[in-house]
Amino acid sequence: MISVLVQCPSATDATSFYRGVGPFAALRRQVPGLNLIFSPEVNWATMKLVDAVFMQRPYTRAHLQLAEMAEDLGKPLWVDFDDLLFDIPSDNPAYQIYMNEDVQTNIATISAMADCVSVSTKELKRIWQLPKKPLNERVYVVPNALDDSIHLRQVGPKEHKLICWRGSATHQRDLMEVGAHIVDLAKHYPEWTWAFVGYNPWFITEKMGKQAIVVGNLDLFEYHRFMAKTQPAIQIVPLHDSSFNRC
């Protein structure tokens, strides 16, 4: 039996589901004897009981201490990053969280300590392994993917003239750069409805009237139920050109 300590920012967070809890849950069903330990508090006793440690998006001093604990006890450490936390745009609400010297040092130190690092894109791997100062030689790309273990019955109309965008305030700039085009499209195709899930881009929706539907923040399964019920014909994911978005 192999026991793995799985540390995610939040077990119910979407990124934790797609890059932490979800994949490990699937792996547990495929690998006999794989034991997963999810513990909000980690101490020496907990660490002694596991064979390896997985950390998703570690960045705090507490995360660094956990990595140091794993190193001291000879436990293999695997860390995962799905965003370029070294270059978050100033318009992103997460800028204040990550873009300070202490956090940047924590991320770099933990990355260097890890036995392996997984990232979501080839560009992110390139950044992690820049020739002048590679953070780790063992970086692997694990692409983001849709978890098809969620089997929700499709109950919505098959040909629904609905265009859907889903996101949070972190994508405000992405929407601002295409906002005028969205409004223009809505005017040209009044028979189509637009749904904005998780965030209200008022600079767009106020100009679209009843063509715009705003849905509040949904948890992971509420979102999938919404998609199954509404069956949007088109989903859009506009991104402005930046190193952060390219990663």
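A residue counts as buried when its relative accessible area is under 20%. Keep that cut-off in mind, since much of what follows leans on it. The model discussed here is a predicted one.

**The chain overall**

The chain has 247 residues, and 43% of them are buried. Its secondary structure adds up to 11 helices and 10 strands. Taken along the principal axes, the C-alpha trace spans about 65 × 40 × 30 Å. As for how the chain folds back on itself, look at contacts with a separation of 6 or more: 67% of them are between residues 24 or more positions apart.

One pair of residues gives a feel for distances within the model. Histidine 224 and alanine 45 are 179 residues apart along the chain, and their C-alpha atoms are separated by 38 Å.

**Strands β7, β8 and β9**

Start with β8, which covers residues 193–197. Four of its five residues are buried, so the strand is largely enclosed by the rest of the structure. It has a pairing partner in β7 (residues 160–166), which runs parallel to it over five bridges. Within that pairing, isoleucine 163 has tryptophan 194 of β8 as its bridge partner. Strand β9 (residues 212–215) also pairs with β8, again in the parallel sense, through four bridges. There, phenylalanine 196 sits opposite valine 214 of β9.

**Strands β3 and β4**

β4 tells a similar story, with four of its five residues buried. It pairs in parallel with β3 over four bridges, and glutamine 56 has aspartate 80 in β4 as its bridge partner.

Here are the three parallel pairings side by side:

| Strand pair | Bridges | A residue and its partner |
|---|---|---|
| β7 and β8 | five bridges | isoleucine 163 and tryptophan 194 |
| β8 and β9 | four bridges | phenylalanine 196 and valine 214 |
| β3 and β4 | four bridges | glutamine 56 and aspartate 80 |

**Nonpolar cores**

Nonpolar side chains in soluble globular proteins tend to be buried together. In this model, the largest nonpolar core holds 31 residues, and Met47, Val53, Val79, Val117 and Trp128 touch the most other members. The elements giving two or more residues to this core are β3 (52–56), α3 (61–72), β4, α5 (101–113), β5 (116–119) and α6 (122–128). The biggest giver is α3, with five residues.

Valine 79 is worth a closer look. Leaving out residues up to four places away in sequence, it touches Met55, Pro58, Ile110, Ala114, Cys116, Val117 and Ser118. There is also a second, separate core of 14 residues, including Ile163, Leu175, Phe196 and Phe203. Two of those names have come up already: isoleucine 163 is the bridge partner of tryptophan 194, and phenylalanine 196 faces valine 214.

**Serine 118**

One of the residues that valine 79 touches is Ser118, which belongs to strand β5. Its relative accessible area is 2%, so serine 118 is buried. With residues up to four places away in sequence set aside, serine 118 touches Arg19, Trp78, Val79, Asp80, Phe81, Tyr140 and Val142.

**The second largest pocket**

Arg19 and Val142 turn up again in the second largest pocket. Its lining has 22 residues, and the ones nearest its centre are Tyr18, Arg19, Gly22, Pro23 and Val142. Two elements give two or more residues to this lining, α1 (14–30) and β4 (77–81). The largest share comes from α1, with 10 residues. The volume of the second largest pocket is about 380 Å³. Sorted by class, its lining has 12 nonpolar, five polar and five charged residues.

**A few residues to check by eye**

Arginine 57 is in the loop between β3 and α3. Its phi is near 50°, a positive value in a residue other than glycine. Is arginine 57 buried or exposed? Its relative accessibility is 13%, so arginine 57 counts as buried.

Glutamine 231 also has a positive phi, about 50°, although it is not a glycine. This glutamine 231 lies in the loop between α10 and β10 (232–235).

Helix α10 (residues 220–230) is where histidine 224 is found. With a relative accessible area of 13%, histidine 224 is buried.

Definitions and conventions:
Residues are numbered from 1 along each chain as its sequence is written. This is a predicted model: local features need pLDDT of at least 70, side-chain atom pairs count only at pLDDT 80 or more; totals for chains, interfaces and linings use all residues. Side-chain values use heavy atoms; hydrogens and water are left out. On a 1 Å grid over the protein atoms alone, a cavity is a set of points where a 1.4 Å probe fits but cannot get out, and a pocket is an open set with protein on both sides within 12 Å along at least five of seven lines; lining residues have an atom within 4 Å of a point. Grid points are joined across faces, edges and corners, and a volume is the space filled by probe spheres set on the points. Ala, Val, Leu, Ile, Met, Phe, Trp, Tyr, Cys and Pro count as nonpolar, Asp, Glu, Lys and Arg as charged, and the others, Gly among them, as polar. Buried means under 20% relative accessible area, exposed over 50%, partly exposed in between (1.4 Å probe, protein chains only). Two strands pair if DSSP finds at least two bridges between them. A nonpolar core is a set of buried Ala, Val, Leu, Ile, Met, Phe, Trp, Tyr and Cys residues joined through side-chain atoms within 4.5 Å. Contact means heavy atoms within 4.5 Å.
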